Amino acid sequence: MITHKNQLPAIILGSSSPFRKQLLEKLQLTFSQFSPEIDETPLDDETPEQMVERLSLLKAQTIAEQHPNKIIIASDQCATFDNKPIGKPHTHENAVKQLKNFSGRSIKFYTGLVVIDPTTQTAHQAMDETVVHFRELDKQTIENYLLAETPYQCAGSFKSEGLGITLFESIESKDPNALIGLPLIELTTLFRKMGIILPLAS
């Protein structure tokens with residue numbers, strides 16, 4: 001059982017995301033970041049949930065091959081609307097279309113998580129599902145939001161960690177961190193399965 005920071009193997013977060021970095025820092029763990037180079041193209045007949053599970057595992061395994069004695073944390077996320085993946089808008093016009101479609105409707109986020117235990121070489125997996133319900137969005141609200149935050153490189157045309165929250169009516173989630181990209185409750189649970197009891201003593 002690991003209860004003290006000096007007992008813990010080194011940790012790598014398999015992501016270059018500053019948002020995932022900020023989330024993991026909440027657990028007061030020391031870690032480094034490493035972004036795996038993998039092909040994220042969906043497979044034929046693969047559901048968004050299956051894709052997220054596969055890519056989370058592939059990211060973790062890719063890093064573990066290069067860093068076999070470290071704890072690897074990897075995650076992947078996909079937002080869906082009417083059970084279809086939501087892409088990045090890239091332009092203002094596309095973003096307006098996306099948010100108009102979401103008005104008064106809901107979208108679902110699948111956030112996969114994998115932690116590889118270096119002592120047993122076991123990959124522990126978890127999946128979080130978060131549903132975002134949008135307000136009725138009028139043209140002015142959509143325009144004001146897009147001009148304020150310009151989320152054109154964000155799937156769904158919004159940043160939930162920023163002003164995107166103003167577009168929501170409610171969020172169904174067991175972990176608010178999952179929507180931003182890293183389900184910390186699931187991560188804490190997987191750590192417990194590995195015998196790591198958070199928070200750790202200094």
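I began with D82, which lies in the loop between β4 (71-81) and β5 (84-85). Helices and strands here are DSSP runs, numbered from the N terminus, with at least four residues of H or I for a helix and at least two of E for a strand. The model is predicted, so local features need pLDDT of at least 70 and side-chain atom pairs count only at pLDDT 80 or more, whereas totals for chains, interfaces and linings use all residues. Residues are numbered from 1 along each chain as its sequence is written, and side-chain values use heavy atoms, with hydrogens and water left out.

**Entry 1: the D82 turn.** I looked up the backbone of D82 and found phi near 55 degrees, a positive value in a residue other than glycine. Most residues other than glycine have a negative phi. I then looked up how much of D82 is accessible: its relative accessible area is 47%, so D82 is partly exposed. The classes are buried under 20% relative accessible area, exposed over 50%, and partly exposed in between, with a 1.4 Å probe and protein chains only. The turn belongs to a hairpin of β4 and β5 with two residues between the strands.

**Entry 2: the partners of β4.** I went on to the pairing of β4; two strands pair if DSSP finds at least two bridges between them. β4 and β5 run antiparallel and are joined by two bridges. T80 has P85 in β5 as its bridge partner. With β6, β4 is also antiparallel, and I noted nine bridges there. With β2 (residues 11-13) the sense is parallel, over three bridges. I72 served as a marker: I12 stands opposite I72 in β4, and I72 stands opposite I116 in β6. I also checked the cover of this strand, and 10 of the 11 residues of β4 are buried.

**Entry 3: other backbone values.** Q121 is not a glycine, yet its phi is positive, at about 60 degrees. I placed Q121 in the loop between β6 (106-117) and β7 (122-134). Next I looked up the peptide bond between L198 and P199, which is cis, with omega about 0 degrees. Most peptide bonds are trans. P199 is in strand β9 (residues 196-201).

**Entry 4: E37.** I found E37 in the loop between β3 (32-33) and α2 (48-66). Its relative accessibility is 72%, so E37 counts as exposed. I also took the C-alpha to C-alpha distance from E37 to T62, which is 8.1 Å for two residues 25 apart in sequence.

**Entry 5: the whole chain.** I counted six helices and nine strands in the protein chain. The C-alpha trace spans about 55 × 40 × 25 Å along its principal axes. The radius of gyration is 18 Å, which agrees with the value near 17 Å for a compact globule of 202 residues. That radius is taken over C-alpha atoms, and the globule rule is 2.2 Å times the number of residues to the power 0.38. Of the 202 residues, 48% count as buried. I then looked at contacts (heavy atoms within 4.5 Å). Among those with a separation of 6 or more, 66% are between residues 24 or more positions apart.
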